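Colleague: I would be grateful for a close look at one part of this model, the internal cavity space and the residues around it. Please take me through the lining and then through the neighbouring parts of the chain that help to place it.

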Amino acid sequence: MTSSLSLRRPTSLWSAILAIIPWLTAALFLLPIIVGLLGTWLPAFGYFPALNEHSLSLTPWRQWLAYPGVNSSTVKTLISGLGASFLALAMLLLILIGLYPSRLFQKIEKALSPVLSVPHAAFAIGLGFLIAPSGWLLRLVHEATGWVARPPVWSLFQDPYGFSLAVTLALKELPFLLFMSLAVLPSLKVHRTLWLMRGMGYSRRATWLWMLWPQLYRQIRLPFFAVVAYSLTVVDLALIAGPTTPPTLSVLITRLFNDPDLSLRTVGAAGATALFLGVLLILWALRIVEKPLAWWRNRTLRRGRQITRHTCPERPIAILLVSITGLLYLLGLVVTTLWSLTLRWRYPDWLPESTSLRAWSRITGRIEDPLWCTLQLAGLASLIAIVLVILALENEVRLKQMNRPVNTRRVLWLLYLPLVVPQVAFIFGFQVSLIGLRWDGTFPALLWSHLVFVLPYVFLTLSGPYRRFDERYAWVARTLSSGPFTAYWRVKFPMLLRPILYAVATGFAVSIAQYLPTLFVGAGRFSTLTTEAVAMATGSDRRMMAVMALWQQSLPLVMFALATLIPALYFRNRREMMQN
């Protein structure tokens, strides 16, 4: 009897720990958002004790509405943000119509990891090297045809209307939407649906548009909302690829927060609150418009509209779209590497006149601290996140074994909250709260701010494979081993090693890409590869810019390479394990 009780106590203690973990995880990434929003809203209405403002007023709002360039910035924000979101969604639809399911799509799926690992700033820098007025593409055109002997006066990059920012954002968000769609597509039974609808006279295009796409969109609505919110409020990418005079709203608000005139902090808070409300209004409108569209679709289908067979050009269009996107990523990396090795490269030469490692040697002295800080932040954030996520998912397993339902829908809404709420809307308030606690500019606070964004991505990456794991393996292992912990580490963990490592690599890449949290919470005391890359991207030295972009891009690629290589080496004699 004593032996039985001693075995039960650790189990009950472990269950209590698992029950606490989801609340701890939610608090880690929800508390900064709640505190940060309050810390932004109060200054937006004039209450800012740090500036001896103790009464509420609408003065910051009047100053914000009258601030020079706000109207123009709003138009540019809508063009770039909404244009990028719907362009990425349209490209996703074209690729799925033309290529899913097919062997080519399977190859695209395998190439998603390295593409997703490319930080936004590094991709924007490479794209700028390609399509700028004196970029590599025009140099190649001149080399092949003799045209464009001088750089044109118009610009395809940092154009005054925000079109280049929209295209850059769309190209960067397309892989994310495609990645989130992969978890949903198997449940739609696409191959069987296409076969059935073909027998009823529907083309492939009609089947996707009328039957499959509405189902898929409902499942990826939250990822799309996250793309909309990010595109409307991005800062680092807008600094590199966006308009400058005036910039987008997020960049304008960031400048107000960093202005030496402290009185502009309340104006920036009003602008951040207005941007937050604008994003919520747009997301609400997108949600509302779904109902009339669904009614129109159902009414059309009930009327029995006949859709005849016809040749679908979607496949060549999809192949062309995928090829152009892949080429832009690849050529951006190539031209960034060329610029990092360039000593002299005059227009219209398509290759550098002379090469040198001078830029690499010049940056060696100033990259040590940002590199070490980046590795510490990304490594610790991804490690803490993977431990918390695994424990939270194990708690779901425990609840299922107790026949207690798990509301995965509510979990998804909580996870996407940090991705939907604009960073600029709460990071400033979070910084103000940290100043009050005297935690600003400390490494733990900076690590916490990175965890806010790393945790959701790690959970989204790992939750699908973890929930699909067949727990019967673990139960059989427990009957043959000394206990649940031994069974987990010797059976379940090795079988889930590959998705766990991919989740760690994803969290590592997300941490590296964080710009605003490092800028505000770090209080200027910490610099990372991303902050250095953005700072150099606004300068004129392309060589230093290229070197920093390569450093920023190489670390996530190394992590994803290790996530692929380690399971391959570990399971080299057990091929069946690699299929899980």
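Modeller: The largest cavity in this predicted model is lined by Val-118, Ala-122, Phe-123, Gly-126, Leu-127, Leu-328, Tyr-329, Gly-332, Leu-333 and Gln-553. Two elements give two or more residues each to this lining, namely helix H6 (120-131) and helix H15 (314-340). By class, the lining comprises seven nonpolar and three polar residues, with no charged residue. The space enclosed amounts to about 60 Å³, and a search of the whole structure returns two cavities of 30 Å³ or more.

Two of the lining residues, Phe-123 and Leu-127, lead on to helix H8, since both are touched by Thr-168. Thr-168 lies in H8, which spans residues 163-182. Beyond its close sequence neighbours, Thr-168 also touches Ala-124, Phe-157, Leu-237 and Ala-241. For the pair Thr-168 and Leu-237, the separation is 69 residues in sequence but 8.4 Å in space, taken from C-alpha to C-alpha. Thr-168 has a relative accessible area of 0%, and it therefore counts as buried, the limit being under 20%.

Ala-170 is found in H8 as well. This residue is likewise buried, because its relative accessibility is 0%. The contacts of Ala-170, leaving aside residues up to four places away in sequence, are with Ala-84, Leu-87, Ala-88 and Met-91. Phe-485, 315 residues from Ala-170 along the chain, has its C-alpha atom 44 Å from that of Ala-170.

On the N-terminal side of H8, the loop between helix H7 (136-145) and H8 holds Gln-158. Gln-158 is not a glycine, yet its phi is positive, at about 55 degrees. At 34% relative accessibility, Gln-158 is partly exposed.

Leu-237 and Ala-241, both touched by Thr-168, direct attention to helix H12 (236-241) and the loop that runs from there to helix H13 (249-257), where Pro-246 is placed. The peptide bond from Thr-245 to Pro-246 is cis, with omega near -10 degrees. A further cis peptide bond joins Tyr-347 and Pro-348, with omega about 10 degrees. Pro-348 sits in the loop between strand S1 (342-344) and strand S2 (354-355).

A helix pair elsewhere in the model may be set beside this region. Helix H11 (residues 221-233) packs against helix H14 (residues 264-302) at an angle of about 145 degrees, and their axes are 10 Å apart. The crossing of H11 over H14 is right-handed. From H11, the residues in contact include Phe-224, Phe-225, Val-228 and Leu-232, while those from H14 include Leu-275, Val-279, Ile-282 and Leu-286. In this contact, 10 residues are nonpolar, one is polar and three are charged.

Two further residues complete the account. Thr-506, in helix H22 (residues 497-512), is buried because its relative accessible area is 16%, and Thr-506 touches Tyr-457, Thr-461 and Phe-560. Asn-403, by contrast, is exposed at 71% relative accessibility. Asn-403 belongs to the loop between helix H16 (358-401) and helix H17 (408-420), and its phi is positive, near 60 degrees, although the residue is other than glycine.

How values were computed. Residues numbered from 1 in each chain as written. Predicted model: local features only at pLDDT ≥ 70, side-chain atom pairs only at ≥ 80, totals over all residues. Heavy atoms only, no water. Helix = DSSP H or I, 4+ residues; strand = E, 2+ residues; numbered from the N terminus. Buried < 20%, exposed > 50% of the residue type's maximum accessible area, 1.4 Å probe, protein only. Contact = heavy atoms within 4.5 Å. Axes fitted to C-alpha atoms, helices over the stretch in contact; angles between N-to-C directions. Left-handed = near helix turned anticlockwise from the far one by under 90°. Nonpolar A, V, L, I, M, F, W, Y, C, P; charged D, E, K, R; others polar. 1 Å grid on protein atoms, 1.4 Å probe; cavity = no way out; pocket = protein on both sides within 12 Å on 5 of 7 lines; lining within 4 Å. Points joined across faces, edges and corners; volume = space filled by probe spheres on them.
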